[in-house]
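Dear colleague,

Please find below the structure for your review. A summary of the findings follows it.

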Amino acid sequence: VTPSPVFLPLRELAELVRTRRVSPVALAEAFLERLETFGPRYNAVVTVTRERALAEARRAEAEIAAGGWRGRLHGIPYGAKDLFATAGGIPTTWGAAPLRGQTFDFDATVIRRLGAAGAVLAGKLAMVELAGGAGYRQPRASFTGPGRSPWGEDAWSGGSSSGSASAVAAGLVPFALGSETWGSIVSPAANCGVTGLRPTFGRVSRHGAMTLSWSLDKVGPLGLAADDCGLVLEAIAGPDPLDPSAADRAFRYEAEDPPGRRFRFGVLRAAAEVADADVRLRFEEALEVLRGIGTVQDVALPALPYEAIARTILFAEAASALEGLVEGGMLAELTAPEDRYALYARDAILAKDYIKALRLRGVVAREIDGILAGLDALVAPGRFTVASRLDEPFRSAFGGTALDPAGAIGNAAGLPAVAVPNGFGERRLPTSLQFVGRAFGENTILAAARAYQARTDWHRRHPEVG
Amino acid sequence: VSEPPASETELLFALVRARYGSRLGPEELEAVRLGVAAVVESARALRALRLENADAPLPPLPVGVPPRP
């Protein structure tokens, strides 16, 4: 009997492919059909890349049959957020109506690297328009419709890597690529009950990805479990002459832990205190699990305006990165009404204040690294609420006073984080736990997340689809 | 040097309105004004902190010649 490939851990799926119990072409067909059938239900897909997927799957099948198995991603389908350039006439829309017809004549580095690992691009996945950089304040901010979490009819899938998270959660692809400037991997992973890895700034090349903020943008995977994310990160990480921000450091995923490994966790109470009661409850339960695999201690943060620092950098850089769209009058064609004008206010950011934010970022990086030097990870809720309703404005003031110290610190300082599901809260929607690590400490936080997932089964629970 | 936040907001909003006001209706202009107020609020939080002369910016990109897009 051929096992169903849906919701299988990458490692198991890879073994089926390697041993030729599952054919890459059959695998591609199965996930293409799921993308085409269920993708529209969640507004998760922009383009199903059927032709390219089948060509890549046939090539993988022939290579594996000839004894040329390349590794665990060979013949495995995946989806990519629709801000990664793809050649061959496949549109790359950045989630924005005025860019529906945008194409590139090259593949983004991460797409090329996954291709070199033998992975099969099955679809370009939906996202918040312009990666949320225009200032959206509610879920209806994509020309493909509001992303829906497979866990609730009326639940937003999160942003801006909306389709990447919902497609993984619904079993439409085994893994997906997303990107994060501030929250765009961790938040949708939380809303959709999947695992999302935000790598260290510079760990993964951004060549061919839409720029929102040169000093904050990161590219990372979303999968069912931490181990899946580690396997994908190994394939996409590393230096790239086409991206000067990509660090000159190789990454080898360390999936094996010494037996009984113990961790040192620091609790970001400031992040937990702003969370809703149901999220706090799940977080406290998660801390109990973590006490079984290590020490758990509260950590005090220096009093710094973390959100203001991250917001000023993001807004100033986005105003410049999106200047062409602003001056070209394209904002008027965006889907969310607020996205048609919110960017204008960012002309008011003064150069001295932007530089001050960059200087303060240095202070944040130094202070947090000092705290992390004695720990393996900081832990905090992945998101302070469960998923918003589709017609509900976000709970933050205009211009963004997001209650997200963990996200502000992690993104401003360029630190890696992995978000894992840790239960269910209001409306039976997923909640999330994040592990924030030291710069280039992905192996440590992935090990901690794996240890947590070895003691819980939240990542093995899946929504009813179909 | 510190003017009241409202006054700084109005001065900066006047600049934004001069640039883009022709594209915006009254409600949108008011929303942009609130956006400018949020920018000023963030800036004031940053300005309230004193740094050492040696506290350098953590720069956006490493030094080097960027490749052509």
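In this predicted model, helix α12 of chain A (residues 351-372) lies across three strands of chain A, namely β8, β9 (377-381) and β11 (430-436). The helix runs at about 105° to β9(A).

The sheet of chain A is open and is formed by 11 strands, in the order β1-β3-β2-β4-β6-β5-β10-β11-β9-β7-β8. Its pairing is mixed. The strands β1 (45-48) and β8 (294-299) of chain A stand at the edges; each has a single partner strand, so one side of each is left without a neighbour in the sheet. On average, neighbouring strands of this sheet are turned by 30° against each other, direction ignored.

One pairing may be examined at residue level. Strand β5 (residues 195-198) and strand β6 (residues 218-223), both of chain A, pair in the antiparallel sense over two bridges. A:G196 has A:L222 in β6(A) as its bridge partner.

Turning to chain B, its secondary structure comprises two helices and zero strands. Chain B has 69 residues, of which 29% count as buried. The chain exposes about 4,700 Å², and carbon and sulfur atoms supply 60% of that area.

One residue of chain B deserves a separate note. B:L51 is found in the segment after α2 (26-47) of chain B. Is B:L51 buried or partly exposed? B:L51 counts as partly exposed because its relative accessibility is 23%, whereas buried means under 20%. Leaving aside neighbours within four places in sequence, B:L51 is in contact with A:K356, A:R359, A:L360 and A:V363.

With kind regards

Conventions: Residues numbered from 1 in each chain as written. Chains lettered and ligands numbered in written order. Predicted model: local features only at pLDDT ≥ 70, side-chain atom pairs only at ≥ 80, totals over all residues. Heavy atoms only, no water. Helix = DSSP H or I, 4+ residues; strand = E, 2+ residues; numbered from the N terminus. Buried < 20%, exposed > 50% of the residue type's maximum accessible area, 1.4 Å probe, protein only. Contact = heavy atoms within 4.5 Å. Pairing = 2+ DSSP bridges. Axes fitted to C-alpha atoms, helices over the stretch in contact; angles between N-to-C directions. Areas by Shrake-Rupley, 256 points an atom, 1.4 Å probe, with all protein chains shown as cover.
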